[in-house]
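The report that follows is meant for a reader who is meeting this structure for the first time. It is best read with the sequence and the 3D view open side by side.

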Amino acid sequence: MTCVPDATLLDTLARLLGPKGFTRDPADLAPWLTDWRGRVHGAAAALLSPSSTAEVAEVLRLADKHRVAIVPQGGNTSMVAGATPPADGAALILSTRRMHAIRSLSAEDNVAVAEAGVVLSDLHDAAASIGRRFPLSLASKGTATIGGLISTNAGGTQVLRFGTMRALVLGIEAVLPSGEIFDGLSALRKDNRGYDLRQLLAGAEGTLGVITAASLRLVPAIGLRAVAWVGLRESQAAITLLRRLEAATGEAVESFEIVPDEGLALVLRHIPGTRAPLADAHRWNLLIEAVAPAGAADPADSLGTVLGDAIADGLIEDAAIAANEAQAESFWRLRESMSEAERIDGLAAKHDVSVPVSAMPAFLDEGRAAVEARFPGTRVLAFGHLGDGNVHFNVRAPIGVDDRAWLERDGKAVSAFVHDMAGARGGSLSAEHGIGQTKLADFARTAGPARLAALRAIKEALDPRGIMNPGKLVPGPRAVAQGGRSQ
Ligand code: MLT
Ligand code: ZN
């Protein structure tokens, strides 16, 4: 059990961090108490914004001594309320936003060393300034921070080629709950010294310490890119198309995203300035990006050939390749606005499931039918990263039903049903968003004793007083009995 911070501790922290680094003003705290989806509300005793690793270390040393909970926060864009403090108001939020320096950039080593509070799009810009790029992108790139992206092992739209955040992290600097600084920043491509603390901290959702900086892998800048919007009837055809593209273009295809017709309609209805790329509506839409380094052949040529052949033999119904960068961006905007359009449209039971890529077409079609049969009137909206086997298999309330009341009543059962469908196909209930608070109960229910025991043992070993981000990721013994919250 953690404790409420007393006045002496709060005074000590205020002196340590100064006025820019410490506030208890409710107006300053307000934006950080609710998750991005606006579903989970917490409270906190203070907002701490240290400006250096040494300050983070001193904060954690004090918090550990006084047994006070720390909730690390970056851009607060978690999809699973992983950075929202508990409702009891006893925790301290530790924001990394003042630690936003890019400490170094090396084109020779293909490495950037960025502090935890660096915003993803700022890292993209910095990498571009030396002719490189950081190959991870997602819709919240203008807000999400490096520390949070590592702590959640974020995915996004280029996982197909480059993997999730874990594959891009070469080194980590972090403060452990004891206040000790782990200096693992050196960006070695090979380092075989046993248990890998970097990979333990990646995806730990702030439950084992605070990541303060990271060495990140850069790759050559894109010379040319080709972005296509494809319409087709059968989800199975999408996988056939992906394999044809890979055969024709090697590793050029970086993004292979799927949007159903009802998803595109939602974006066109709610997001100003958007328009459909194809003349007719199609059951499924794909957004495909293929890239080439400077000086190589234009990827639009091979993409155009494969798509043309696919139309000719009836695999797909229609396709358009963006004629210029503005059009490419407008295609991407359709895909990246999916979540926002869905949020404007109303509440949904949200899911982030993965299954083997080959199992995804059946999962999309049979899963939808199964959910809509089991929960009559509900509407499945599944979109996302088809190329890497991860979709956001969201379920909306029946038309005319109050979505909040529906979610309160049926949300947990719907989510359990969807998660079990993924599990039955060898999949995961969290592909890229993490566990946070909203997946905790189902994670506890389905994880199995060996996984749970190992998770708890690691947590206990590194954070014996349980101060780091309590209530997230690591299910307590009562997590299943309590049933958690719905999505
Ligand atoms: C996406 O792929 O658009 C994001 O993961 C957001 C979401 O799941 O809503
Ligand atoms: Zn996603």
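## A helix, a metal site and two buried polar residues

Helix α9, which covers residues 235-249, has 15 residues and reaches 21 Å from its first C-alpha to its last, close to the 21 Å expected at 1.5 Å a residue. The model in which this helix appears is a predicted one. Along α9, the residues S235, A237, A238, I239, L241, L242, L245 and T249 are buried. The cover over these buried residues of α9 includes parts of both kinds of element, namely the helices α6 (159-162), α11 (299-312) and α14 (360-374) together with the strands β12 (224-232), β13 (253-260) and β14 (284-292). After α9 comes G250, and the phi of G250 is positive, near 65 degrees.

A positive phi is also found in a hairpin elsewhere in the chain. Strand β8 (residues 169-175) and strand β9 (residues 181-184) run antiparallel and are joined by 4 bridges. Within this pairing, E173 has D183 of β9 as its bridge partner. The hairpin has 5 residues between the two strands, and in it G179 takes a positive phi near 100 degrees.

The next site brings together a metal ion and a second ligand. Which residues coordinate the zinc ion, ligand 2? The donors are H385 and H392, each through NE2, and E432 through OE, at 1.9 to 2.1 Å. Along the chain, the donors of this zinc ion follow the spacing H-x6-H-x39-E. Both histidines are enclosed by the protein: H385 is buried, with a relative accessible area of 4%, and H392 is buried as well because its relative accessibility is 6%, where the cut-off for buried is under 20%.

The residues around ligand 1 are R37, M79, R335, S339, F383, H385, H392, E432 and H433, and among them are H385, H392 and E432, which also coordinate the zinc ion. The table lists side chains that have a polar atom at a stated distance from an oxygen atom of ligand 1.

| Residue | Distance to an oxygen atom of ligand 1 |
|---|---|
| R335 | 2.7 Å |
| H385 | 3.0 Å |
| H392 | 3.0 Å |

Two further polar residues deserve a look of their own. N394 has its place in strand β19 (residues 390-396). Is N394 buried or exposed? N394 counts as buried because its relative accessibility is 2%, which lies under the 20% that sets the limit. The side chain of N394 makes a polar contact with the side chain of E342, at 2.9 Å. When its neighbours within four places in sequence are left aside, N394 is in contact with E342, A348, A349, K350, H351, R379, V380, L381 and F383, and one of these, F383, is also among the residues around ligand 1.

D463, by contrast with the strand position of N394, is found in the loop between α17 (449-462) and α18 (479-482). D463 too counts as buried, at 1% relative accessibility. Its side chain makes a polar contact with the side chain of K459 at 2.7 Å, and the side chain of D463 also reaches the backbone nitrogen of M468 at 2.9 Å. Not counting residues up to four places away in sequence, D463 touches P177, T207 and M468, so that M468 appears both in this list of contacts and as the residue whose backbone nitrogen the side chain of D463 reaches.

Methods: Residues are numbered from 1 along each chain as its sequence is written. Chains are lettered from A and ligands numbered from 1 in the order in which they are written. This is a predicted model: local features need pLDDT of at least 70, side-chain atom pairs count only at pLDDT 80 or more; totals for chains, interfaces and linings use all residues. Side-chain values use heavy atoms; hydrogens and water are left out. The expected span of a helix is 1.5 Å times one less than its number of residues. Buried means under 20% relative accessible area, exposed over 50%, partly exposed in between (1.4 Å probe, protein chains only). Contact means heavy atoms within 4.5 Å. Donors are N, O and S atoms within 2.8 Å of the metal (3.2 Å for Na, K and Ca); water is not among the atoms, so sites may look incomplete. Two strands pair if DSSP finds at least two bridges between them. A residue is near a molecule or strand if one of its heavy atoms lies within 4 Å of it. A polar contact is a pair of N or O atoms within 3.5 Å; within protein, one must be able to donate a hydrogen and the other to accept it, and residues adjacent in sequence count only if both atoms are side-chain atoms.
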